[in-house]
Amino acid sequence: MIRGTFRTVAGLNSDLRALFVSTLLFRAGTMAFPFLGAYLLGQERYGVEQVGLVVGAFGLGALIADVGAGVLLGRLRPVTVMLGGCVGYALVLAVVPALSAVPALLVATLLWGMAFEIYTPASYAQVVAGSSAEQRKIAFSCNRLAINLGMGLGPAVGGLLFTVAPQALFYVNAVCVLAAGVLLRRSASTRSATTAEAAGPGRLLSPTVRDESRFWTLFVLALPVHIAYALPPILLSTYIIEGIGLPAYWVSVVFVVNAAAIVLFEVPLNKAMVNMSHLRSLLIGYVLAAAGFALTGLTSSGPLLAVIALLWTCGEMIVFPALLSYVSQLSAPTVVNRNVSLYSAGVNVGFMAAPQIGGVLSAGRSPGTPWLAAGTALAAASVLMVAARFSRATWCPDDEHPGADGPDGRAEDGEPKGGQADRAPQSADSTG
């Protein structure tokens with residue numbers, strides 16, 4: 001499996017290979033933020049409420065970046081936006097250790113969140129620009145692999161550094177981010193510029209009402225996914241230790257199962273499903289996720305929780321590449337960057353909403369309720385997705401490409417464009 005994944009990543013075209021390594025470095029640099037709260041509290045000059053405000057400003061900055069990314073990507077190449085994020089991120093990290101006033105920390109953390117998050121929608125836009133429609137699921141799964149590997153490595157190294165020299169976290173983090181930026185700058189190719197500019201100037205609205213309604217249908221149907229998959233990092237430890245009274249090591253076991261499965265199987269799985277329709281891929285992912293989260297809320301057995309984690313992990317591996325691939329499919333070229341940016345904002349909305357919803361639902365003696373609610377919401381979303389498929393106002397068929405010839409993606413005779421002949425040719429060195 002690992003060898004096959006390595007071959008798939010190596011088979012990406014040069015732009016996407018560079019993006020993979022840069023994203024891995026960028027995410028591996030996520031060392032300082034997981035320890036920001038502990039770092040501030042360790043200085044014994046801030047209260048818990050003040051630290052909470054400072055840390056929370058990061059999430060607000062990230063949401064602002066996602067909402068504004070569509071405008072930036074309508075005027076700048078994705079590589080340029082990512083480079084700006086890397087530079088801004090490194091500058092903030094260099095300044096934060098010297099700050100002590102809470103207002104200054106709030107502003108710095110807000111800018112930190114913006115610089116960090118602006119990279120994500122820009123990287124999505126780069127994947128769209130650098131991959132053919134047929135290979136986009138695989139390209140997005142490779143992008144997710146880089147993110148997951150980096151996010152696993154960064155906090156692990158950060159934990160070791162924090163015990164020795166807490167301030168060093170910020171500077172090592174900055175070096176990793178700058179290294180990612182240098183690699184992006186050196187690998188920026190003429191082909192990327194040409195591809196990114198081919199779509200023309202970006203728009204704030206889709207060319208037709210139908211295209212707009214399709215996107216917002218998908219946005220709403222994806223929200224249960226974003227909220228559900230925010231539960232494990234936010235609530236799983238509390239649920240396992242406090243809710244059902246299991247030893248803390250079962251939290252680690254579940255996370256190890258999740259991480260190992262993603263690294264080993266996500267790319268091969270999406271490669272095997274590359275010719276499957278978006279609807280079928282999404283339905284399979286939603287059903288697996290719904291079953292996994294519902295069963296998580298119904299069990300108090302550690303070994304069973306680890307097995308059940310494979311269900312929602314399989315759903316995760318299928319759903320997220322499929323959602324991003326479908327967003328690019330239903331978007332006219334002039335709004336694809338706006339749409340992937342808004343999709344990324346939806347991820348942050350889910351992450352911000354999950355702890356509030358989870359807290360309300362788990363009040364009293366019902367620790368499994370948030371997980372059952374997540375499973376139910378995903379099952380309902382899958383039913384609504386099937387219903388949406390029956391109207392062209394809410395679903396884009398796989399053989400239709402909005403904006404390909406006209407504002408609604410139709411040929412002059414009014415029939416939808418489709419078939420392999422209408423799709424972008426696969427690059428000679430793209431994923432096989």
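**Questions on a predicted model**

Reader: Is Arg338 buried or exposed?

Author: The relative accessibility of Arg338 is 9%. Buried means under 20% relative accessible area, exposed means over 50%, and partly exposed lies in between (1.4 Å probe, protein chains only). Arg338 therefore counts as buried.

Reader: What is the mean pLDDT of the protein?

Author: This is a predicted model, in which local features need pLDDT of at least 70 and side-chain atom pairs count only at pLDDT 80 or more, while totals for chains, interfaces and linings use all residues. Residues are numbered from 1 along each chain as its sequence is written, and side-chain values use heavy atoms, with hydrogens and water left out. pLDDT is the predictor's confidence in each residue, from 0 to 100. A value of 70 or more is reached by 89% of the residues, and the mean is 87.

Reader: Which helix has the lowest confidence?

Author: Helices (H or I, at least four residues) and strands (E, at least two) are DSSP runs, numbered from the N terminus. Residues 190-199 stay under 50 in pLDDT, with 16 contacts (heavy atoms within 4.5 Å) beyond four places in sequence. Confidence is highest in H13, at a mean of 97, and lowest, at 44, in residues 190-198, helix H9.

Reader: How far apart are the end C-alpha atoms of helix H13?

Author: The expected span of a helix is 1.5 Å times one less than its number of residues. Helix H13 has 19 residues (278-296), so it should span 27 Å. The model agrees, because the end C-alpha atoms are apart by 27 Å.

Reader: Which helices help to cover the buried residues of H13?

Author: The buried residues of H13 include Leu282, Tyr286, Ala289 and Phe293. What covers the buried residues of H13 includes helices H7 (136-164), H10 (209-228), H11 (231-243), H14 (302-330) and H16 (369-388).

Reader: Which helix gives the largest share of the largest nonpolar core?

Author: A nonpolar core is a set of buried Ala, Val, Leu, Ile, Met, Phe, Trp, Tyr and Cys residues joined through side-chain atoms within 4.5 Å. The largest one has 106 residues, of which Trp112, Ile240, Tyr286, Phe293 and Leu323 touch the most other members. The largest share of this core is 13 residues, from residues 102-130, helix H6.

Reader: How many residues apart in sequence are the parts that Glu400 and Arg210 tie together?

Author: A salt bridge is a side-chain nitrogen of Lys or Arg within 4 Å of a carboxyl oxygen of Asp or Glu. The side chains of Glu400 and Arg210 form one at 2.9 Å, N to O. Glu400 lies in the segment after H16 and Arg210 in helix H10, so the separation of these parts in sequence is 190 residues.

Reader: Which residues are joined with Glu400 into one salt-bridge network?

Author: Glu400 also meets Arg214 in a salt bridge (3.1 Å, N to O). This pair links distant parts of the chain, since Arg214 is in helix H10 and Glu400 in the segment after H16, 186 residues apart. Through shared partners, Glu400 is in one network with Arg210, Asp211, Arg214 and Arg392.

Reader: Which residue's backbone oxygen does the side chain of Thr217 reach?

Author: Thr217 is in helix H10. Not counting residues up to four places away in sequence, Thr217 touches Ala388 and Thr394. At 2.7 Å, the side chain of Thr217 reaches the backbone oxygen of Ser213.

Methods
A polar contact is a pair of N or O atoms within 3.5 Å; within protein, one must be able to donate a hydrogen and the other to accept it, and residues adjacent in sequence count only if both atoms are side-chain atoms.
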